[in-house]
Amino acid sequence: AEVRSMNEAFKRFDADGSGNLDANEFKHLCAYLGWGHEEADLAQLDVDGDNKFTTKDFKAFVGAMGGIQKMFERRRVRA
């Protein structure tokens with residue numbers, strides 16, 4: 001269920017359906033989470049260094065946040 005939820009959440013921000021988030025789509029994700037510019041650093045979260053935020057990067061990010069539910073709870077707290 002967690003993997004399915006992560007995939008669905010990722011697809012919400014993958015506007016062009018490419019399977020990864022480019023810099024602009026990544027900014028939308030960060031804005032949704034209520035992050036400022038200092039937190040929205042693609043280079044720090046880009047696991048494989050390809051300048052795109054892939055599902056692999058997203059899953060690592062969500063895991064570091066404590067799971068998809070925790071990530072969205074943190075959004076609500078910050079918003």
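These legends walk through several close-up views of a predicted model.

**View 1. The whole chain, to get your bearings.**
Start by counting pieces: the protein chain has five helices and two strands. If you follow the sequence from one end to the other, the pattern reads α-β-α-α-β-α-α. The protein chain has 79 residues, and 33% of them count as buried. Now think about who touches whom. Take the contacts between residues at least 6 apart in sequence: 46% of these join residues at least 24 apart.

**View 2. A salt bridge on helix H1.**
How many salt bridges does a search of the whole structure find? Just one turns up, and here it is: the side chains of Arg4 and Glu8 meet, with 3.6 Å from N to O. In general, side chains of opposite charge can pair when their charged atoms come close. Arg4 and Glu8 both sit in helix H1, which covers residues 2–13. They are four residues apart, and that is about one turn of the helix. Are these two buried or exposed? Arg4 is exposed because its relative accessible area is 56%, over the 50% cut-off. Glu8 has 46% relative accessibility, so it falls in between and counts as partly exposed.

**View 3. Helix H2 and its two faces.**
Helix H2 spans residues 23–33, and its buried residues are Glu25, Phe26, Leu29, Cys30 and Leu33. Look down the axis of H2 and these buried residues fall within an arc of 140°, so they line one face of the helix. The face turned away from that buried side carries the exposed residues Lys27 and Ala31. Check the ends of the helix too. At the N-terminal end, Asp22 acts as a cap, with a side-chain oxygen 3.0 Å from the backbone nitrogen of Asn24. After H2 comes Gly34, and its phi is positive, near 85°.

**View 4. Glu25, a buried charge in H2.**
Zoom in on Glu25, which belongs to helix H2. Which side chain of opposite charge is nearest to Glu25? That is Lys52, 8.5 Å away, and Glu25 is buried with no salt bridge. A salt bridge needs the charged atoms within 4 Å. What does the side chain of Glu25 reach instead? Its partner is the backbone nitrogen of Asp16, at 3.1 Å. Setting aside neighbours within four places in sequence, Glu25 is in contact with Phe13, Asp14, Ala15, Asp16 and Asn20. One of these, Ala15, is in the loop between H1 and strand S1 (20–21). The C-alpha atoms of Ala15 and Glu25 are 6.9 Å apart, while along the chain the two are separated by 10 residues. Ala15 has a relative accessible area of 73%, so it counts as exposed, whereas Glu25 is buried.

**View 5. Asp46, a buried charge in a loop.**
Asp46 lies in the loop between helix H3 (42–45) and strand S2 (53–54). Asp46 is buried and has no salt bridge; Lys56, the nearest side chain of opposite charge, is 9.1 Å away. Which backbone nitrogens does the side chain of Asp46 reach? One belongs to Gly49, at 3.3 Å, and another to Asp50, at 2.8 Å. Leaving out neighbours within four places in sequence, Asp46 is in contact with Asn51, Lys52 and Asp57.

**View 6. Helix H4, inside and outside.**
Asp57, Phe58, Phe61, Val62 and Met65 are the buried residues of H4. Seen down the axis of H4, they fall within an arc of 130°, so they line one face of the helix. Turned away from that buried side is a face with the exposed residues Lys56, Gly63 and Ala64. Gly66 follows H4, and its phi is positive, near 100°.

**View 7. The largest nonpolar core.**
This core has 19 residues, and the ones that touch the most other members are Leu29, Phe53, Phe58, Phe61, Val62, Ile68 and Met71. Which elements give two or more residues to this core? They are H1, helix H2, helix H4 (55–65) and helix H5 (68–78). Pick out Met71 and trace its partners: not counting residues up to four places away in sequence, Met71 touches Leu33, Phe58, Phe61, Val62 and Met65.

Conventions:
Residues are numbered from 1 along each chain as its sequence is written. This is a predicted model: local features need pLDDT of at least 70, side-chain atom pairs count only at pLDDT 80 or more; totals for chains, interfaces and linings use all residues. Side-chain values use heavy atoms; hydrogens and water are left out. Buried means under 20% relative accessible area, exposed over 50%, partly exposed in between (1.4 Å probe, protein chains only). Lys and Arg count as positive and Asp and Glu as negative; His and the chain ends are not counted. A polar contact is a pair of N or O atoms within 3.5 Å; within protein, one must be able to donate a hydrogen and the other to accept it, and residues adjacent in sequence count only if both atoms are side-chain atoms. Contact means heavy atoms within 4.5 Å. A nonpolar core is a set of buried Ala, Val, Leu, Ile, Met, Phe, Trp, Tyr and Cys residues joined through side-chain atoms within 4.5 Å. The arc is that of the directions from the helix axis to the C-beta atoms.
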